[in-house]
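Trainee: Got a minute to walk through this one with me? I'd like to get a feel for the fold before I set anything up.
Mentor: Sure, pull it up and ask away.

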Amino acid sequence: MSEAREFKVVGTRVIRPDGVDKVTGRANFGADFALPGMLCGKVLRSPYAHARIKSIDTKQAAAIEGVYAILTGADFPKVGHEEITGGEGGGDFADLATNVMARGKVVYHGHAVAAVAATSAAIADAALAAIKVDYEVLKPVMDLDAAMADGATLINERMFTEGLPEKPTRPSNVAAFMQFKRGDITKGFAEADVVVEGTYCTPTVHQGYIEPHACVASINQGGQATIWCCTQGHFDVRSMTAKVLGMDVADIRVIPSEIGGGFGGKTTVYLEPLAMLLSKKSGRPVKMTMTRDEVFRASGPGSATKSVIKIGAKKDGTITAMSAWLAYEAGAYKGSPMAPGAMCVFAPYNVPNFLIDGFDVLVNKAKVAAYRAPGAPQSMYACESLLDDLARKLEMDPIDLRLKNAVSEGCQASYGPKFNAIGFKECLEAAKAHPNYKVKLGPNEGRGVAAGFWFNAGMQSSAEVHINENGTVTVIEGNPDIGGSRASMALMAAEELGVPYDKVRVLVADTESAGYTNTTGGSRVTFATGMAVIQAARDIIAQCKQRAAATWGIEVDMVDWQDGQVIPKPGVNADVKPLTLAAIAANAGRTGGPLLGRASLNARGAGPGFAVNIADVRVDPETGKVDVLRFTAIQDAGKAIHPSYVEGQMQGGAVQGLGWALNEEYVYDANGVLQNAGFLDYRMPVASDMPMIDTQIIEVANPTHPYGVRGVGEVPIVAPLAAAANAVRAAIGVRIHDLPLSPPRVLAAIEAANG
Amino acid sequence: MAKVFFPDHLTQYTAGVRELEVHAESFRDLVAQLEVRYPGISQALLGKVAVAIDGDIIHDPFLDPVRADSEVYFLHRIDGG
C-alpha cells in the first residue's frame with residue numbers, strides 16, 4: 001500500500017544512465033548488431049491489397065550464386081487457432097503466422113509472400129526479383145463502410161461475427177461485436193433538455209517510431225537459437241517466434257537491443273520468425289532490417305475508426321444519457337482495439353444511462369498493432385469533440401461542463417468497477433487555474449480543451465537486486481528501456497536501499513538472464529516492474545538485518561534499517577555500531593554468501609490515468625494551415641519517480657496526438673496501394689512545428705503502489721486530438737468531424753462556411 | 001457475500017443475469033461456484049478475461065482473494081501499447 005513518506009531520491013531529476021550513449025550514437029539498436037558469416041535477409045511483398053496466390057516459382061532465384069535460402073508459406077508449419085492472451089485486440093496465433101508469411105492469399109499491399117537470405121543485399125534483391133508469383137487479383141475492401149456493407153467482398157470467407165445475440169448464419173467482415181450498457185438509454189435522452197449528436201472519423205495512422213524493425217537470428221545444428229532484435233517485449237518475441245515455427249521456447253534466447261521508439265508497434269513479430277527459418281535453412285546467421293517503406297506498409301498501424309456519438313444533458317450541464325456506435329478497422333486479421341476504445345469513451349464521466357456498440361472490422365490493410373492507449377484516442381476524440389459542442393450549446397465553460405460530470409473516487413466507471421483514488425477533478429481544476437487558460441487570443445485563433453483516460457496495466461514482472469562487494473547495486477530486470485525506465489528503477493532501488501543513485505546500475509537482461517516479464521507497454525513498467533524492484537530491494541534489507549543481527553549475536557527483531565544501514569534498536573549494547581550496506585556486503589562471504597534479492601509478481605491495481613489538455617491554435621484563413629501556439633498538458637502521475645521523464649511522456653504524447661489531429665493519415669489509391677509510405681509524405685510533426693509543450697504533473701497517489709505510482713506513458717496521447725479539433729472549431733467557427741485537420745480540409749471547411 | 005457483475009457478453013452464460021451474490025474466498029473459488037450455477041462459464045472466464053476486485057484490475061486472476069463485501073467485475077483484458 002502507498003505510504004505517506006518523505007522521499008530522498010525519488011522525485012529528483014537525475015541523468016539517465018543510457019542517455020549519453022543514445023545521444024552520441026554509441027548505443028546499439030536493432031540494426032547495429034552483426035555476426036561473422038551473417039547473411040542478408042529480405043522479403044518479397046505483395047503488390048496487391050487482396051489476391052489469391054496461385055503459384056510461387058523460386059527455382060530461378062535459388063540458382064543465383066550467393067543465395068543460401070528461400071522461404072515461402074509452404075516452409076512454415078501449420079499453426080492452429082489459439083488466442084494470443086496478450087493484447088486487447090484478441091489476436092490469434094494462426095493469423096499471426098499468416099501475417100508473418102502469406103499462405104494461399106495476400107490480404108494487404110506489402111504482405112510477405114517470400115523471403116531470401118543471400119551474401120549481400122544486392123544478391124538478395126536480385127533473388128526477390130527472380131521469384132515469380134502468379135496472383136488472382138481480388139477486389140480490395142479499404143474502408144469501414146465498404147467492409148460493413150451488405151454484400152461486401154469477404155476478406156476471410158470463414159469468419160463469422162462473434163458476440164452477436166444470435167449466432168450468425170453468414171460470414172462477415174465484422175469480426176466481433178460488443179455492447180456495453182447501463183440504465184435506460186431511452187429514458188435518459190427523454191430527460192435531457194439538450195441533445196447533441198455527431199459522426200467522427202479518424203484515419204489509419206502509424207506510430208512513427210524512428211527505428212525500423214530489425215533483427216539477427218542464428219540457430220545452431222543442435223536447434224539452439226538466439227535472436228537479437230529491437231522489441232518492446234523480448235519474452236513475447238520468444239513465445240511468438242516459437243509458436244509460428246513450432247519450436248520450444250527453451251530453444252530460443254532473445255536479446256533485446258536498445259529501442260528507438262515503439263509506442264505499441266513493437267509488441268509483435270514480423271521479421272524474427274523469417275530470419276530464424278532462413279538461418280535454419282542456410283546454416284548461417286541472418287540479419288533482416290525493414291526499410292521505412294516496409295515499416296509503413298507491413299508493420300501494424302493504428303486503427304482507422306468511425307464513431308457516432310450522442311449526448312443528452314440538462315440545462316445545468318448534467319449529462320443524462322450518452323450513446324456510442326464505434327467501428328474500428330482491424331486490418332486484414334481480426335483484433336482491433338475496439339473493446340478498450342468502447343471502455344474508455346465515457347470513462348471520465350458519471351453517466352446514468354449509456355449504450356455503447358462496438359465493431360471490430362476487417363479491411364485490406366496491414367493488421368493493426370497497439371498504438372499508445374490503443375483505441376482510446378479515436379473514441380475519446382469523438383466524445384470530447386461532441387462535449388465541446390454541448391458546452392457551446394449550453395453556453396458553459398468546457399472545463400465546468402466536465403467538472404459537473406467528472407468521476408471521482410467511489411464513482412462507478414462506465415466499464416464496470418468503482419474507481420479508487422483518481423485525479424481527474426484535480427486535473428480539471430488545475431487546467432482551469434492554469435495561466436495558459438487565461439491568455440487572450442487574437443484573430444483566427446481558438447482554444448480547445450479535452451480530457452483523456454487510460455486504464456494502465458499491471459501484469460507480470462521480475463527483478464533481482466545484487467549487492468556488489470563494495471556495496472554498489474546492480475538491478476536486473478526484463479523490460480527494454482524506452483522512456484527512461486533504467487533511471488526510474490535505479491531511483492526506486494536507491495530510495496529503498498538508502499544509497500546514492502549513481503551507485504545503482506540497471507541491466508535490461510535477455511530471456512535467459514531475467515525472470516519472465518511482460519512487455520514494456522501499457523504504461524506498466526514503472527508501476528509493476530518498479531514494484532518488483534522495490535520488493536527485491538526489501539528482500540535485501542531483510543537479509544541485511546538478519547546478517548547484522550547474526551554478526552552482533554542478537555535477535556533480528558532487535559535491529560532496524562535506517563538510511564542505508566542496519567542499526568541496533570534502543571537497549572542493545574552501546575558498543576554495537578551501525579553496519580552500512582557496504583560493510584555488510586564486504587563481509588557477505590562470511591555471513592552466508594552474496595547478497596541477492598529477488599521478486600516476482602503479477603501486479604494488480606494499476607491506478608487509472610487521467611489527463612486534461614488545453615490547445616491554442618491559429619488558423620491561416622487563406623491556406624487552412626493550423627499552427628499550435630500553446631499546448632498545456634496536465635496529468636495525474638500518482639507519484640512522479642523522475643519528473644523529467646514524466647514530463648517527457650506528456651510532451652511526446654502531446655506531439656504525437658497533435659500529429660494525428662493535424663496531418664497524419666495513410667493515403668491509399670483505389671487499388672489499396674499506400675501512396676505515402678515515407679516520412680516526406682506521411683507528415684509527422686517535427687520540433688520546428690511545435691511550441692514548447694507546457695506540463696503540469698498532478699500527484700494523487702495510487703494506493704496500490706508502495707510509492708503511489710500510476711502509469712504515465714499512454715494517457716498523454718488521448719486528449720490532444722480533441723483539444724486540437726476543439727481549438728480549430730473555436731478559431732474557424734465550424735466543426736470538422738474527420739481527422740486529420742490538414743490544410744486542404746480546413747480550407748474547404750472555411751470556404752464552405754463562407755458560402 | 002461478494003457481489004459479482006457480468007458484462008453483456010457474459011450474460012449469454014447466465015441466462016441474462018447481470019448481478020448476483022456469491023460466497024467465495026478467492027477468484028478461483030468464485031469461478032468454481034459460478035460454474036456450478038452456469039455450466040460452461042468457467043471456460044469464458046479463466047484465462048480469458050480480466051477482473052476488477054474492489055476496483056483493482058487484475059489481468060490474469062486466479063488465487064486473488066475475494067472478501068465478503070467485495071465487488072467483482074469481469075472486464076475485457078487491456079494490455080496497452
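**Chain B, then chain A**

Mentor: In chain B, 44% of the contacts with a separation of 6 or more are between residues 24 or more positions apart. Keep in mind that this is a predicted model.

Trainee: Okay. How many helices and strands does chain B have?
Mentor: Two helices and five strands. Going along the sequence of chain B, the pattern reads β-β-α-α-β-β-β. Its radius of gyration is 12 Å, close to the 12 Å from the globule rule for 81 residues, so chain B is as compact as a globular protein of that length.

Trainee: What does the C-alpha trace of chain B span along its principal axes?
Mentor: About 35 × 25 × 15 Å.

Trainee: And what share of the residues in chain B is buried?
Mentor: Buried residues are 54% of the 81 in chain B. As for the outside, the accessible surface of chain B is about 3,600 Å², and carbon and sulfur atoms hold 52% of that.

Trainee: I'm thinking about electrostatics too. How far apart are the mean positions of the positive and negative charges in chain B?
Mentor: They're 4 Å apart, counting 7 positive and 13 negative charges in chain B.

Trainee: Let's switch to chain A. Is strand 15 of chain A largely enclosed or left open?
Mentor: Largely enclosed by the rest of the structure, because eight of the nine residues in strand 15 (residues 354-362) of chain A are buried.

Trainee: Which way does strand 7 of chain A run against strand 15 of chain A?
Mentor: Antiparallel: strand 7 (residues 174-182) of chain A is joined to strand 15 of chain A by eight bridges. If you want a pair to click on, A:V174 sits opposite A:V361 in strand 15.

Trainee: And strand 14 of chain A, parallel or antiparallel to strand 15 of chain A?
Mentor: Parallel there, with nine bridges between strand 14 (residues 319-331) of chain A and strand 15 of chain A. A:W325 has A:D357 of strand 15 as its bridge partner.

Trainee: Remind me, what do strands of a sheet pair through?
Mentor: Backbone hydrogen bonds, in either the parallel or the antiparallel sense.

Trainee: Right. What's the strand order in the open sheet that includes strand 2 of chain A?
Mentor: That sheet of three strands in chain A goes 4-2-6, with antiparallel pairing. Strand 4 (105-106) and strand 6 (132-137) of chain A are at the edges with a single partner strand each, so each has one side without a neighbour in the sheet.

Trainee: How many bridges link strand 2 and strand 4 of chain A?
Mentor: Two, in the antiparallel sense, with strand 2 covering residues 51-57 of chain A. Across that pairing, A:R52 stands opposite A:K105 of strand 4.

Trainee: What about strand 3 of chain A, how many of its residues are buried?
Mentor: Five of the six, so to speak mostly covered, for strand 3 (residues 67-72) of chain A. Strand 3 pairs with strand 5 (residues 112-118) of chain A over five bridges, in the antiparallel sense. There, A:V67 has A:A118 as its bridge partner.

Trainee: Further along, which strands are at the edges of the 20-21-22 sheet in chain A?
Mentor: This open sheet of three strands also has antiparallel pairing. Its edge strands are strand 20 (559-562) and strand 22 (579-580) of chain A, each pairing on one side only. Strand 21 (residues 565-568) of chain A meets strand 22 over two bridges, and A:Q565 stands opposite A:T580.

Trainee: Now backbone oddities. Which peptide bond is cis?
Mentor: The one from A:L739 to A:P740, with omega near 0 degrees. A:P740 is in the loop between helix 18 (720-732) and helix 19 (743-753) of chain A.

Trainee: What's phi at A:E395?
Mentor: Near 55 degrees, which is positive in a residue other than glycine. A:E395 lies in the loop between helix 11 (376-394) and helix 12 (398-405) of chain A. With a relative accessible area of 75%, A:E395 is exposed.

Trainee: And A:M459, buried or exposed?
Mentor: Buried, at 6% relative accessibility. A:M459 has a positive phi as well, near 70 degrees, and its place is in strand 17 (residues 459-467) of chain A.

Terms used. Residues are numbered from 1 along each chain as its sequence is written. Chains are lettered from A and ligands numbered from 1 in the order in which they are written. This is a predicted model: local features need pLDDT of at least 70, side-chain atom pairs count only at pLDDT 80 or more; totals for chains, interfaces and linings use all residues. Side-chain values use heavy atoms; hydrogens and water are left out. Helices (H or I, at least four residues) and strands (E, at least two) are DSSP runs, numbered from the N terminus. The radius of gyration is taken over C-alpha atoms; the globule rule is 2.2 Å times the number of residues to the power 0.38. Buried means under 20% relative accessible area, exposed over 50%, partly exposed in between (1.4 Å probe, protein chains only). Contact means heavy atoms within 4.5 Å. Accessible areas come from the Shrake-Rupley method with a 1.4 Å probe; for residues, only the protein chains shown count as cover. Lys and Arg count as positive and Asp and Glu as negative; His and the chain ends are not counted. The place of a charge is taken as NZ of Lys, CZ of Arg, CG of Asp or CD of Glu. Two strands pair if DSSP finds at least two bridges between them.
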